[in-house]
Each structure stands twice: as C-alpha cells, then as structure tokens.
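Here is a set of short exercises to work through with the viewer open. Try each task on your own before you read its solution.

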Amino acid sequence: YGRRGGQQRYLCKECFSVFTGGRKLEVEVLWELYQSGLTYQQIASKTGVSQSTVKRQLKKVQINYQSPRLSGGVLHLDVTYWGRNKGLIVALDASSGRVVYHKWIAHESKQDYLDALTAIRQTGYQVKAVVLDGGVGLAIASDQVKIQLCQYHFISIIRRKLTLRPKLQASQELLSLVKSITYLPKEKFIELFTEWQKQWRDFLKEKTVNEETKRWQYTHKSLRSASLSVQKFSSILFTYQDYPELEIPNTNNAVEGFFTALKTALRNHNGLSQENKERFVEGFFRHRDIARLTNKAQKEEE
C-alpha cells in the first residue's frame, strides 16, 4: 500500500488499517535462542522471519569472551577435539567453574600446556595445582606446579591394559586394588600395592622364548605394564590428600562435564564452519558465565 520514508506500507483487508511493515529483531535475543540449542528453522518459526534473515543477523554478533580475573586456585586442564585436527584446550577454575583460559589448537603437545600455564599466570592468577587426565599434559614438570592425575582416568588406563574381566588372578587382584583408589588413603593403597608386588614378583618375571628366533619376552606383558603404570603415577595419584588445604579435586569430572555440555549444544548446529563454531564457543562461555553468576546471586538473596 505504497511506501513512506523508504519503508513498505500495508493495508489490512479485514479492518482496513494502514501500517508500516517490517519487524525489528533484537540480535541479542536471537543469539540467546541460538545458544539455547534452537536450530535456524526453529528460531525463524519462533520470531516469524526467514532462516536467511536469522543467519544474516547472527553473523552480526561479535563475541569476544573475556576470561575472568581471578586471584588463583586449582585448575582443571584438558583438551577436547572435533575431528582430527581441531582441538580446544581449556583451563577451568575448580572453585568457580569459570573458564580462565582457552585456545584452539591442532594437536595437543607439552608446549600447549606450558603456554597455557604461562598465559594464565601472566593475568595474575596463582596456580596452586592442576588436575590432568594423563597424556602429554603430564609432561609438565611437577616441580613447577602440583599435579593431580584424575583417578577415574587412571582406572581407565589400567582397565585397558588388563581388560574389563581379566582371567589371571594377579590381574584380577591388581584391577580390584586400582579401583579402590578413589576411597583408600594413600598410605593404605601403597601398602597393599607393595604386598601385591611381593606376592607376584616371580610371576611377573616369567619369560617366554621364541623357539625360532631364540629371543625372549615377558610372558605377562600387559600385567607388567599395568604394574609399572601404578609405580610411575603413584606420586601424583594422591596429591589431593597430600595438600588437603588446597581442596584439590581427585578427578577431572568438572571439565569433562563442561565439554559434554558444549558438544551437546553444538550438536544442534551441525555443519558450522570453523569460524562460526569458534563464535558459538565464545558465546557459550559467556552465556554459561551469566547463568552461573545469576544463579549465585539468586541463592545469595534467598
């Protein structure tokens, strides 16, 4: 029904009222809907605009997550991957649950973990201890920072070597002992492991000779490997008990749960380009912080 000031005018055929068309979209509202897990189609249906409009408006959102300035504490440090060559290293403050560092990487290396600690310390954050799940992260020198190896990940390491249902009695006893680390005191665990080693010392030394090559190898290689892993990691399995005043978590469950929530949110937007995926992740961090701080404020008021 004509145009005015460059805007389309419309005439209602039922009530004959004249009005200006168009719909003002709040980009922040669209972004909140997007972060909540709604697809482009669902957002378009909810707001009454086309999918192309939703995509165009969301591209205008500039997200630059600023890590909070915290004085210090214990960190969960881990990496999650999307495919083979794209990973995200994240440092999570154990007390507040907030992301204090993140960086996109191709393949995790010792240097990535060292760079993370350096960058975090440069912000004034005092790293009191780090909880890791194993891998190259354990290459961080323990004299630089106190390290706690995630006990659940350690159980998984031993279980992979011995299988879920080992047939050998020695393997069964070792697996049962390792599963008890989550509730046993450090001294008791070491005592029981030392007794196990004495009991099965000769069994672990058994060798098998190849008749053709005349070369030998240990008969129970997997069991020996599991035993050596317990010896190797025993010094960082109970750091949380050595320093109770630091309140160090004995597992990396917090960051694992964080990664699960992030990937669940992203699963609703399959096919994102890497640029959009990174924007989404930044927005996820911010959205999560706002939600946590709001819940904290509400609890304090109650």
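## Exercise 1: The overall build

A compact globule of 302 residues would have a radius of gyration near 19 Å, whereas the protein chain has 27 Å. Keep in mind that this is a predicted model.

**Task.** What does the C-alpha trace of the protein chain span along its principal axes, and how many helices and strands does the chain have?

**Solution.**
- Step 1: Turn the C-alpha trace along its principal axes; the spans are about 95 × 50 × 35 Å.
- Step 2: Count the secondary structure elements, which come to 12 helices and 10 strands.
- Step 3: Look at burial: 41% of the 302 residues are buried.
- Step 4: Turn to the contacts between residues at least 6 apart in sequence; 57% of these join residues at least 24 apart.
- Step 5: Finish with the surface and the charges. The chain exposes about 17,900 Å², with carbon and sulfur atoms supplying 47% of it. There are 46 positive and 30 negative charges, and their mean positions lie 8 Å apart.

## Exercise 2: Aromatic rings

**Task.** How many aromatic pairs does a search of the whole structure find, and why does the pair Phe 193 and Trp 196 count as stacked?

**Solution.**
- Step 1: The search finds 9 aromatic pairs.
- Step 2: Take the rings of Phe 193 and Trp 196: their centres are 6.0 Å apart and their planes meet at 10°, so this pair is stacked. The cut-offs behind this step are centres within 6.5 Å and planes under 30 degrees apart.
- Step 3: Place the two residues on the chain. Both belong to helix H7 (residues 186-199), and because they are 3 residues apart there, about one helical turn separates them.
- Step 4: Check their burial. Phe 193 is buried at 7% relative accessible area, and Trp 196 is buried at 4%.
- Step 5: Look for a cluster elsewhere; ring pairs link Phe 258, Phe 259, Phe 284 and Phe 285 into one.

## Exercise 3: Three strand residues

**Task.** Is Gln 7 buried, partly exposed or exposed? Ask the same of Trp 104 and Leu 132, then find what each one touches beyond four places in sequence.

**Solution.**
- Step 1: Start with Gln 7 in strand S2 (residues 7-11). Its relative accessibility is 45%, so Gln 7 counts as partly exposed. Gln 7 touches Gly 2 and Thr 20 once residues up to four places away are set aside. Thr 20 is 13 residues from Gln 7 in sequence, with 6.8 Å between the C-alpha atoms.
- Step 2: Go on to Trp 104, found in strand S6 (residues 99-105). Trp 104 has a relative accessible area of 15% and is buried, the cut-off for buried being under 20%. Among its contacts outside four places in sequence are Trp 82, Leu 88, Gln 274 and Glu 278. Glu 278 is 174 residues away from Trp 104 in sequence, yet the C-alpha atoms are 8.5 Å apart.
- Step 3: End with Leu 132, part of strand S7 (residues 126-132). With a relative accessible area of 1%, Leu 132 is buried. Leu 132 touches residues including Leu 77, Tyr 113, Ile 140, Cys 150 and Asn 252, leaving out those up to four places away. For Ala 116, 16 residues from Leu 132 along the chain, the C-alpha separation is 13 Å.

## Exercise 4: Positive phi angles

**Task.** Where does Lys 214 lie, where does Glu 247 lie, and what is the phi of each?

**Solution.**
- Step 1: Recall the background: most residues other than glycine have a negative phi.
- Step 2: Read the angles. Lys 214 is not a glycine but has a positive phi of about 65°; Glu 247, also not a glycine, has a positive phi of about 55°.
- Step 3: Locate them. Lys 214 sits in the loop between strand S9 (207-209) and strand S10 (216-218). Glu 247 sits in the loop between helix H10 (239-242) and helix H11 (253-267).
- Step 4: Add accessibility. Lys 214 counts as exposed at 58%, and Glu 247 counts as exposed at 68%.
- Step 5: Look at a glycine too. Gly 37 follows H1, and its phi is positive, near 110°. Within helix H1 (residues 27-35), the buried residues include Leu 30, Trp 31 and Tyr 34.

Note on methods:
Residues are numbered from 1 along each chain as its sequence is written. This is a predicted model: local features need pLDDT of at least 70, side-chain atom pairs count only at pLDDT 80 or more; totals for chains, interfaces and linings use all residues. Side-chain values use heavy atoms; hydrogens and water are left out. Helices (H or I, at least four residues) and strands (E, at least two) are DSSP runs, numbered from the N terminus. The radius of gyration is taken over C-alpha atoms; the globule rule is 2.2 Å times the number of residues to the power 0.38. Buried means under 20% relative accessible area, exposed over 50%, partly exposed in between (1.4 Å probe, protein chains only). Contact means heavy atoms within 4.5 Å. Accessible areas come from the Shrake-Rupley method with a 1.4 Å probe; for residues, only the protein chains shown count as cover. Lys and Arg count as positive and Asp and Glu as negative; His and the chain ends are not counted. The place of a charge is taken as NZ of Lys, CZ of Arg, CG of Asp or CD of Glu. Rings of Phe, Tyr and Trp (its six-membered ring) pair if their centres lie within 6.5 Å; planes under 30 degrees apart count as stacked, over 60 as edge-to-face and the rest as tilted.
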